Every structure is written in C-alpha cells, then in structure tokens.
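Work through these exercises with the model open. Each task is followed by its solution.

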Amino acid sequence: MIKRLLSIIVFTTGVSAAAFAQQNQTLRDRDPDLDAVKKVAADLQQANFHSGVWYLLSRFRIADAGFSEGSVVPTGDSEGGLTLKVEAPQRLYFVPRKKTVYSVEFVPAYNFFQEGARNGQFDYLVRGDAQYLFNHLYLDLYALRADQLRAHVADINRFATAQEDEYGVAGEVKYSSRTSGLFTVRLRDTEYPENRFQPDPEGNHIAVQVLDRREKNARLSMLHKTFPRTSLFVAAEGSDYDFKRVAAYESRRTYVGAGLQYDAGRTTVRLEGGPMKLDFKDSSRQDYDGFTARLRTVRSNGRWTYQFGADRDIGFSIFLDNAYYVATSAQVGADYQANRRLTLHARSAYEQDEFETPVEGRLRTDDVSYSSVGFTYALRRLRVGADVGWYERDTTAFGDEASGIRYVLRLSFIP
C-alpha cells in the first residue's frame, strides 16, 4: 500500500509539472500562492528579531499540561488541582533566497506535578525543516525528535511520556487556481521509555510500553474549487504499524474518503469522511472495518465567534484483549470579545470510547466530558487566561471513574 501511494504521488507530481509548461495563459492562477507559502510569510512577518537573512520567533507560555487545542479534556491526574507546563518555543529561520527557507525549532519545557518521589520533569521538541516555495509547488522536508509528557485522555486516562522520532516530506502541487494536489509521506518511531514518568498499570490495564511502535504513513488528496466558496476533494491514505513489544498488534490501516471545504469569510467548514480498515497480521485479532469522519466549522458574527467539531476514529489500546478502541467525540465553543483586550469564552467537549472485544463477559464503553467557562486578557506582549469547569468520566467496567472541578491556566509572552 505504501509503495502504491508513493507511486501515485510521483506520477501526480510528474503529470502536474508537465501540465504547467503546456497550460494556456487563460488558466494562469488568479492567486498563485499556496497556503503553506502564506503561512511561512506570516511567520516571518511576526518575527521578534530580524537581521538580514535571519528571523527569530521567540515565545514563552504556561498552560495546564492536560489542555491543548486538540484535547480539551483534562486527565484524571489533575484531581481538582493544577499540573502546569512551562514552555519556551524558539524558531529560527534562515532565508538565503526568496524561494528557499530553512528553519530550526526548539521547544524546551518543564512540567510541574507531584507523583510519588517525582516533583517535575523536563521535556523538549526539536524540529528542522527545509522548505522550497514556488508559485505552483511547495515541498517541506523535515525531521523531528520529541521527548514530552502528554495527556492521554482516552484509554489510559493519565499522563505518559512519549519519545518520537519522525522524518518525512509534505507538499502541494497546484495546477491552477481551481485544482491542487497535497501529499505527505512520513516515518515515525514512538516509544514510552521506562526511565521517564509513565502511568502505573492499574486493574486490568497493562504497561503503556505495549504501544511502542513504528508507523509508515502516506496520504494523497486532490482538491478542486468546484464552486465560488466551496472546494471538493478526495483522499487516500495508508499506514503500516510495526509494534516492538507485542507482535500481535502489527497491522495495516487503509482509508479512502471525500470531503469539502467551505469558506465564506465569516463562516468556514471542513468535512471529510470515508470507509477505513484496520487489518491485523495476527488472525486471532479482530479487524476493524468501519467509517471515519471529521467535521470542523467556525462562524464569526460581530463580537461572537462560534466553533463546532466532531470526530470518529480509532486508537490503539492497552486494555487487555482490545487492540483498539473506537472514539467518537464532539466539541462546541463560543467566544465573546467584550472589548479590545478581554475575551470571554465557554467550551464543552465529550468523547465516547467503545471497545470491540468483550472482557469478562462485558463490552467496555467509556464516556468523558468537560465543560468550562473562562477568559483571555491580552496586553501588547502578554496574554493571560483561566478556565474553570466540571470533568466527568464514566465507564461500564472496572470502576475507572472520576469527576470533579478542573482548573486551566494559560499565559503566553512575546519577548
């Protein structure tokens, strides 16, 4: 599957490049810049320091370790208290030529928590990119290494330290203002080292190290601006998983789907979905054959901004005989800009995890929810914010339940 997807990417790139030389002047782009090109340009404009071909973006931020834009439900470890992470992201750009950008990102961090004899832990992330930006072609060759404490809201319901090494290439080929192709190819190694902070096995859980794995992934999507405000696209993706400790988890994931992107200025929508299969090499494991989907929408109306998202996907599990679980989640939020500096917001998130293999005669289902209200206050170089909300986790098996008040603090500073 990976080799076939790579062949498709190479073929698509070659055909598009040949077409560029032959296209009629009437098909020239009205907006030739690619989205990635615009993002790099925006980063360079926001640089704190600039000297010739060098640009530096420097930030400092403090946030609850269980809170991020992708996961808004604090873990069960933060029982009515705070688990803070202090980060200082630094990104250095080197732009020797107009169409060539090299960058190095370094994100040192320290986590404050109390667990047994541990009072905290250092983290880091290092990433390097070589980006080549042209009117009709964008390439990003990158490599990264991360050693970070992360919140695993589902399944584990704890903090765990993950080490990752990732190498890959991402890109976009743009034929015209209406048609483009996007592709990614990556190799990722993930480990949960025993000499770092890890959750202790509890009840019917086993050690998180069973999730140590190597992932080979490739994705190709073709997008067409079919209507003035709406683009339609099709996508294909394949992944091979090699598990280092549990050979029975070795599997292959395949996905084909379609979707749309709608942009009307104040309202944006992105929807994608399609059939997905997870086939295990071990015939004793139960394969998955189902549907996966993702929806994101944002609506701005005066001082109000509304967001809604929904996902359905699968994740690998450490729970006894279940190699995976099916996660269905939804998030909704509203922001109100009270004045130039103060923004009030409300959030609610819900996730249901379904396990496919019965354990002790029962199918396990976990329900996790978190609803909160809070604020963000912005000064010239400083942003502060806080949330307070109610967290609840229910399960149909083995008593892995929790509920209570959760607090979230956020602070970011631009030198």
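**Exercise 1: a charge and a ring**

Find the ring that lies under the charged end of Arg127. Solution: the charged end of Arg127 sits over the ring of Tyr142, 4.3 Å from the ring centre. The criterion is NZ of Lys or CZ of Arg within 6 Å of the ring centre and within 35 degrees of the ring normal.

The model is predicted: local features need pLDDT of at least 70, side-chain atom pairs count only at pLDDT 80 or more, and totals for chains, interfaces and linings use all residues. Residues are numbered from 1 along each chain as its sequence is written, and side-chain values use heavy atoms, without hydrogens and water.

**Exercise 2: aromatic pairs**

Classify the pair Trp304 and Tyr336, and say what it ties together.

- Step 1. Rings of Phe, Tyr and Trp (its six-membered ring) pair if their centres lie within 6.5 Å; planes under 30 degrees apart are stacked, over 60 edge-to-face, the rest tilted.
- Step 2. The whole structure holds 13 aromatic pairs. Trp304 and Tyr336 form a tilted one, with 4.9 Å between centres and 45° between planes.
- Step 3. Trp304 is in strand E16 (residues 304-316) and Tyr336 in strand E17 (residues 324-337), so the pair links parts 32 residues apart in sequence. Strands (E, at least two residues) are DSSP runs, numbered from the N terminus.
- Step 4. Trp304 is partly exposed at 37% relative accessibility; Tyr336 is partly exposed at 27%. Partly exposed lies between buried (under 20%) and exposed (over 50%), with a 1.4 Å probe and protein chains only.

**Exercise 3: an aromatic cluster**

Which residues form one aromatic cluster? Solution: Trp54, Phe94, Tyr102 and Tyr132.

Conventions. Helices (H or I, at least four residues) and strands (E, at least two) are DSSP runs, numbered from the N terminus.
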